Amino acid sequence: MPVLSDPVRAKSLIRANLERPSVHLRSRMPNIKVFSGTSHPDLAQRIVDRLGIDLGKVVTKKFSNLETCVEIGESVRGEDVYIVQSGSGEVNDNLMELLIMINACKIASASRVTAVIPCFPYARQDKKDKTGADKGGAPTPILKSNEWKFRSRAPISAKLVANMLSVAGADHIITMDLHASQIQGFFDIPVDNLYAEPAVLKWIKENIPEWRNSIIVSPDAGGAKRVTSIADRLNVEFALIHKERKKANEVAAMVLVGDVKDRVAILVDDMADTCGTICHAAEKLLEAGATKVYAILTHGIFSGPAISRINYACFEAVVVTNTIPQEQHMKDCPKIQCIDVSMMFAEAVRRTHNGESVSYLFSNVPY
């Protein structure tokens, strides 16, 4: 027991007690930091605005030999870090930048590093594809009969990207509408795959007056599950377009399965790249008697001739989310409209940071 009669000793004890941090004042969780890569700074800004915080300071530059250099401009020691980087534009550069940012935060002693990847790169290369089937609207390569066997040596690049993210130091992944849900199984870390479906349903009800007389259409058999879910929520019917291939190097014939006569057709897919598939599908739907055709896509990549194809196609509107920057596409094509999904990512970040469930976002849009 200290002798309090000694004034010097008493003062030093009081000072020590005042300077010692109170256990009750310590936060149960580290503070949150959100950083943005160069692929989609607008989405990252919208996310932090929604969360009511400032975007973290980071400087990204390239050396003269085009190597990427990333400098984190503030302390992340013990922090809960979120890095927003979409797989769009210069995909390889953006992916490398994300890996370097993750590693920079990890070796700077961040408590947890979460990669927020609105559009997952290389998601279409998720299996060995022996048929050379169309992926996201890209033209099907015409292979000679003796070349089909080489498909057995095709890479599964989505798995490689998953391994790279894990090795870089990511502890958690937040993404939206993976091309194949099984990609979540490529990771040994938690993956939250958000869905654009709630935002799509909200847009349909607010912007298509005749939505009760609509039919939801999948442009290929792989999207059947997606369109049936939306059709059930809207209490309308669905249809799908099946691509028939009689021979390997024959152009596919599109067969419509379902009745679209005198209805508003709404094409729904997870992504569109060169837009060949959805434009052909729109023509098929009009030939079958549809009154109007809309296209709703989660990831609007729009590479190559996509914009000119949409301009000449018979769409009332082509609706995409802002998982990929769309400002230039909207200037070049007045038919393109954008759904903002930043509030879904912001809410996912908030719930993850606070240790809450994110399953609410699978069927609801946060307001």
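**Figure 1. Helix α7 and what sits over it in this predicted model**. Helix α7 takes in residues 276-287, twelve residues in all. From first C-alpha to last, α7 reaches 17 Å, close to the 16 Å you'd expect at 1.5 Å a residue. Its buried residues are Gly 276, Thr 277, Ile 278, Cys 279, Ala 281, Ala 282 and Leu 285. The cover over these buried residues includes strands β8 (214-218), β9 (237-244), β10 (253-257), β11 (264-272) and β12 (292-300), along with helix α8 (306-312). After the helix comes Gly 289, with a positive phi near 105°.

**Figure 2. Helix α3 and its surroundings**. Residues 91-107 make up α3, which has 17 residues. The helix reaches 24 Å between its end C-alpha atoms, close to the 24 Å expected at 1.5 Å a residue. Look for Asn 94, Leu 95, Glu 97, Leu 98, Leu 99, Met 101, Ile 102 and Cys 105 here: they are buried. What covers the buried residues of α3 includes five strands to pick out, β1 (32-36), β2 (58-62), β3 (68-72), β4 (80-84) and β5 (112-117), and also helix α4 (157-168). Ser 109 follows α3 and has a positive phi, near 70°.

**Figure 3. Helix α2 packed on helix α10**. Here α2 (residues 41-51) meets α10 (residues 342-353), with axes 9 Å apart and an angle of about 55°. That angle makes α2 oblique to α10. The crossing is right-handed. On the α2 side, the contact is made by Leu 43, Arg 46, Ile 47, Arg 50 and Leu 51, and on the α10 side by Ser 342, Met 343, Phe 345, Ala 346, Val 349 and Arg 350. Sorted by class, that gives seven nonpolar residues, one polar and three charged.

**Figure 4. Helix α5 crossing helix α6**. The axes of α5 (residues 197-207) and α6 (residues 224-234) come within 11 Å and cross at roughly 50°. With that angle, α5 counts as oblique to α6. Handedness is easy to note for this pair: α5 and α6 make a right-handed crossing. From α5, Glu 197, Val 200, Leu 201, Ile 204 and Lys 205 meet Ser 229, Ile 230, Arg 233 and Leu 234 of α6. The contact of α5 with α6 has five nonpolar residues, one polar and three charged.

**Figure 5. Ala 158 and its contacts**. Ala 158 sits in helix α4. Its relative accessibility is 0%, so Ala 158 counts as buried. Setting aside neighbours within four places in sequence, Ala 158 is in contact with Phe 120, Tyr 122, Ala 123, Gln 125, Asp 126, Ile 183 and Phe 186. One of these, Gln 125, is 33 residues from Ala 158 in sequence, yet their C-alpha atoms are 5.7 Å apart.

**Figure 6. Tyr 122 and Asp 177, two loop residues with positive phi**. Most residues other than glycine have a negative phi. Tyr 122 isn't a glycine, but its phi is positive, about 65°. This tyrosine is found in the loop between β5 and α4, and it counts as partly exposed because its relative accessibility is 27%. Asp 177, also not a glycine, has a positive phi of about 45°. You'll find Asp 177 in the loop between β6 (172-176) and β7 (191-194). At 10% relative accessibility, under the 20% cut-off, Asp 177 counts as buried.

**Figure 7. Lys 335, a buried lysine in a loop**. The loop in question runs between α9 (327-332) and β14 (336-339). Lys 335 has a relative accessible area of 18%, so it falls under the 20% cut-off and is buried. Not counting residues up to four places away in sequence, Lys 335 touches Ile 310, Asn 311, Ala 313, Cys 314, Phe 315, Ala 317 and Val 318. Lys 335 and Cys 314 are 21 residues apart along the chain, and 10.0 Å separates their C-alpha atoms.

**Figure 8. The whole protein, for context**. The model has ten helices and 14 strands. Of its 367 residues, 47% count as buried. Among contacts with a separation of 6 or more, 63% come from residues 24 or more positions apart.

How values were computed
Residues numbered from 1 in each chain as written. Predicted model: local features only at pLDDT ≥ 70, side-chain atom pairs only at ≥ 80, totals over all residues. Heavy atoms only, no water. Helix = DSSP H or I, 4+ residues; strand = E, 2+ residues; numbered from the N terminus. Expected span 1.5 Å × (residues − 1). Buried < 20%, exposed > 50% of the residue type's maximum accessible area, 1.4 Å probe, protein only. Contact = heavy atoms within 4.5 Å. Axes fitted to C-alpha atoms, helices over the stretch in contact; angles between N-to-C directions. Parallel < 35°, antiparallel > 145°, perpendicular 65-115°, else oblique. Left-handed = near helix turned anticlockwise from the far one by under 90°. Nonpolar A, V, L, I, M, F, W, Y, C, P; charged D, E, K, R; others polar.
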